[in-house]
Every structure is written in structure tokens, then in C-alpha cells.
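Got your viewer open? Take this tour one selection at a time, and turn the model as you go.

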Amino acid sequence: MAVSAPPTAVPTAPGALPLFGHGLKLLCDPLGFMASLNDVGPLVRMRGPAFTSDVYLVNSPALLHQMLVTDARSYSQARITAGIGSQFGISLVMDMSFDGLTLFASHLRHRRAVQPAFHPRRVAAGTPALRQAVREAIADWAPGTTLRVDQEMARLAYRVNARAVCGDTPALDRVTAHLAALSSRTTLGMYWRLALPGLAHLRHVPGTGGFLRAVSGLRSAVADSLAHLREQGTAGDDVVSQLLRARYSDTDEPLDDRQIIADTLFLLWAATHGLKDVLPHVFHELALHPDVERRVHEEIDTVLQGRPVRAEDLPALDYTRRVVKETLRLHPAPWMLGRRSLVPVRLGTAELPAGTELAYCTYALHRHPAVHPDPLRFDPDRWLPDRARSLARCSDLAFGTGVRKCVGDTLTMNQVLTAVATIAARWQLRHVPGHRYRPRARIVISPGPLPMTCHPRKGLPGAAEAHGEESGNLPECRINRW
């Protein structure tokens, strides 16, 4: 009879302070602190502030696979996810509850009803409108102009996702405007609600007024879009139209309006940040790596042959897709997520009681040298099939994994690839000399202010050489790679 090894003590992260625990480190330098814990162990205890529980950080792909896939039924969503859901309503991102079903079975029931809205065929059907929105967004760019790329891509993300999710309804402009207002208030309005969920509904938390008005305005605009689509007949490929068609497979019941609106609010917010915080990082990395950029341009020119990108072109943009995946590895938008144990669990050699809060940091995992060799090097070819197969399971968590994997991963990849192909077919973006790249990590990792200068593609009509520019010369841009 095999005898299991006795449980071992879990190491505690260094630097905890009385009363504050590791809270100040997470507030002041979250990315650097989390990456530093890769060296502490596969499971690390982080001290919570006074009157809050400790959190266990899971650093090992093997333990992550156990928690997120193998033993997924033993865990619920963590406190931080509950903080998100309390703002938008109970939706797919939270723990759902149906009579007679466990949390795991309830989530699976709802996910199976929602998933068809994100079928690749329906996502592909939105490519022409997406491409047109990108072309309109860059129509006013001029050679030598300095742009705030973070702001340009944010405006694009609001427009694109308002239409993709809510359709081309009379409320579209309102959805776009309220989505922009909500996104701009995400950090101030929501961050404290995640860190301290007990503050979620207090009226005097910083940012409360503007944040709650933005949520209320977006909810109203989504409700009007829903009503319009129902009146017109749900024939569109937008997400709300698909949710109107959705049925629970066990009862053939439709989703009620409150559920559709709750799911739509979160999907709008998540899809917007999936685009607005990833696209600037793609062009940031292309500007830092001219050889990578050259290969992207060559592939785009070969595949597109000078015409606008189509949905059927995207599978052929293989290298460009790997560039996006490598960008997501180094700059994942959601950087920390979590679970709570529903029953006593054993992770590795550690035994943890029911109710234990656990977290995993996508940013730190993706930069763990034992998981991704030479992790700070931007290397799209690490995603070549032969090399990717050698990676451990759960070493790539940009979109999560298991039954709670991001339901909109196909939508986000389609949006980013279409935008990159459309913009890079014509423009190169270059860093402003002396600008210091400073990513910000709160709920998601954003690039911070990212001024870049537009240069027409070398070799294209009216391109860089016509303006005396040498597209291969890179201005100095100071960056931090933890």
C-alpha cells in the first residue's frame, strides 16, 4: 500500500508588514512583487491586511492544472471575482447557482447556453465591420504625427465591441459612450471593490459616483439594444442577438432579460480591455524588435496582396498570430485571478482547509524561467507547434483554461489580428525618443501613456523613404522588464 508524503509547510512571501501584510507591496509594485515570488516556491503564502484572510499564490503549472482543471469541482471563484460580479450582476464570470446543481454544474449549464454566441463562424461574420472600424480609426493618421496609441486603441475598442456585442441598434452610440465612461473609471471605481469587497456598495468610496453612473448608463443602453433586437427579430450575429436565441439544454428555457444584461455588461467590459490593453503592447513590441516587425510586414503583404484583410485570411497570418500570443505572454491583460476551496484540498504536499483563498498570477507565470526559457526575450517562434508542445500544461493562461476559460478568446484574437493586419499593412509606429514605458497593473495591465510616431510603411506609395525616414532606426525608449 502506497503511503502519501506528509504535508509540508508552505513558505511565506518575504516583506510582510504588521497590519498591512503584503498589501503595500501589491499596491506599490504588484508586478515586480509577484514575479519575485517565482523563486520562493510552487505555493506561497501571502499575508493579508488585518482582518482579512491570507492568500496562497499558486506558481506551478502542475498545481495550476490540478486546481483549474483536474479538481475544478472543488473550487469556486475567489473574492476578487465576486467583487467584479457584484458590480455587473451574476454572470458567467461569477459563481452561478441553479436549484439542485453544484456551483460547477451551474457554471457548466450556463456556459453551454452562452457559448454558441462566440462560435468562430459568428465571430468571423463580424470581420468586415471590424475592419471598417479600424480603417476609420486610422483615417486621419498622417506621416510624422505623434499619437497616444493607448488612447487611439481605446477609442477603437469601445466602438468595435459596442457593435460586436450589442449590434447596430439606435442605442449603439450610447453603448459606446457609456462603455468609454465605464472603462475610464475602472481603476478608480472598481479596484477598491475587488481588493476590499466589503466596500463595494458604500457610497463614499473614491470614484463611486462616476463609476456607478457609468454602470447605470451602460445598463440602460444595453437594455434598449436588447429591446430593439427583440422587436426586430434576433437575426444578427452580434452577441446580444445570440443570447436572445440561447436556451438551457436541459429545459429549453431562454435566458431572461436580467441575465442577458448582466452577461452583456461583463462581456462588454472584458472584450474592451482585451483589445484596448493588448493592441498598444503589440505595436510597442514591434517597434522594439525590427526583425519581428519585418516578418510581420512580409507575411501581411504576401497574404493580403494589397487588399483589405478578410476573415478567411486570418488563419494564414500564422507568424502574426504568434506575435500576438507572445505579446499576451509578456503583457496579459488580466494579471491575477483566483479560486476559493469549497472542501479541504491537497495541492502538491500542502493540505488546505475549505474556504482557503488561492490566487495565480498570469504575469508572473508567463515570466517564470522554469516555465518559459529565457522568459524576457520576445520570441514569437516559441509558439511554433513543435516548441509549444514541449511546454507544460497551464503554462499559457492568457485566456485561462478549463471550464472557466475565457468564453470570448476567439473574438479577442479575431479583433487583434484584424486590427494588426489593417494597421501594419500601411503604418509603422515608432516610440517617441526618451519616453519611458511604464505599464500599470490594477485590474488589468495597461501600457500607460504610450506616445508613438506614425511612419508610412517603407516601400509603399508615399512611404517612409519619401519623407526621408529610415524605418529601421529606433528612437530610444526606456523599458522595464522585470
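Start with Trp-383. Leaving aside its neighbours within four places in sequence, Trp-383 is in contact with Arg-322, Lys-325, Glu-326, Arg-329, His-372, Ala-388, Leu-391 and Asp-396, where contact means heavy atoms within 4.5 Å. Pick Lys-325 from that list: Lys-325 and Trp-383 are 58 residues apart in sequence, yet their C-alpha atoms are 7.6 Å apart in space. Is Trp-383 buried or exposed? With 9% relative accessibility, Trp-383 counts as buried. Here buried means under 20% relative accessible area, exposed means over 50%, and partly exposed is in between (1.4 Å probe, protein chains only). You'll find Trp-383 in the loop between helix H17 (362-366) and helix H18 (385-388).

A quick word on what you're looking at: this is a predicted model, in which local features need pLDDT of at least 70, side-chain atom pairs count only at pLDDT 80 or more, and totals for chains, interfaces and linings use all residues. Residues are numbered from 1 along each chain as its sequence is written, and side-chain values use heavy atoms, with hydrogens and water left out.

**Zoom out**

Show the whole protein as a cartoon. There are 19 helices and 12 strands; helices (H or I, at least four residues) and strands (E, at least two) are DSSP runs, numbered from the N terminus. Of the 482 residues in the protein, 53% are buried. Look at contacts between residues at least 6 apart in sequence: 71% of them join residues at least 24 apart.

**Helix H15**

Next, select residues 290-304. This is helix H15, with 15 residues, and it reaches 21 Å from its first C-alpha to its last, close to the 21 Å expected at 1.5 Å a residue. (The expected span is 1.5 Å times one less than the number of residues.) Now colour Val-292, Glu-293, Val-296, His-297, Glu-299, Ile-300, Val-303 and Leu-304, which are buried. Look down the axis of H15: these buried residues fall within an arc of 165°, so they line one face of the helix. The arc is that of the directions from the helix axis to the C-beta atoms. On the other side of H15, find Asp-291 and Thr-302, which are exposed.

What covers the buried residues of H15? The cover includes helix H14 (279-288), helix H16 (318-330), helix H19 (409-424) and strand E9 (427-431). Step just past the end of H15, and Gln-305 takes a positive phi of about 55°.

Since H19 is part of that cover, click on it next. In H19, 15 of the 16 residues are buried, so this helix is largely enclosed by the rest of the structure.

**The five-stranded sheet**

Now for some strands. Five of them form an open sheet in the order E1-E2-E8-E5-E3, with mixed pairing; two strands pair if DSSP finds at least two bridges between them. Strand E1 (43-46) and strand E3 (75-77) stand at the edges with a single partner strand each, so one side of each is left without a neighbour in the sheet. Neighbouring strands here are turned by 35° against each other on average, direction ignored.

Walk across from E1. Four bridges pair E1 with strand E2 (residues 55-58) in the antiparallel sense, and Val-44 stands opposite Leu-57 in E2. E2 then pairs with E8 in the parallel sense over three bridges. On the far side of this walk, five bridges join E8 to E5, and those two run antiparallel.

Pause on Glu-357 in E8. Val-55 stands opposite Glu-357, and so does Arg-340. Which way do the residues of E8 point? Glu-357, Ala-359 and Cys-361 point one way, Leu-358 and Tyr-360 the other, and all are buried.

**The three-stranded sheet**

Last stop: an open sheet of three strands, in the order E4-E12-E9, with antiparallel pairing. Strand E4 (146-148) and E9 are the edge strands, each pairing on one side only. E9 is also among the elements covering the buried residues of H15. Finish by selecting Thr-146: this residue stands opposite Thr-453 in E12, and E4 and strand E12 (residues 451-456) pair over three bridges.

Terms used. Axes fitted to C-alpha atoms, helices over the stretch in contact; angles between N-to-C directions.
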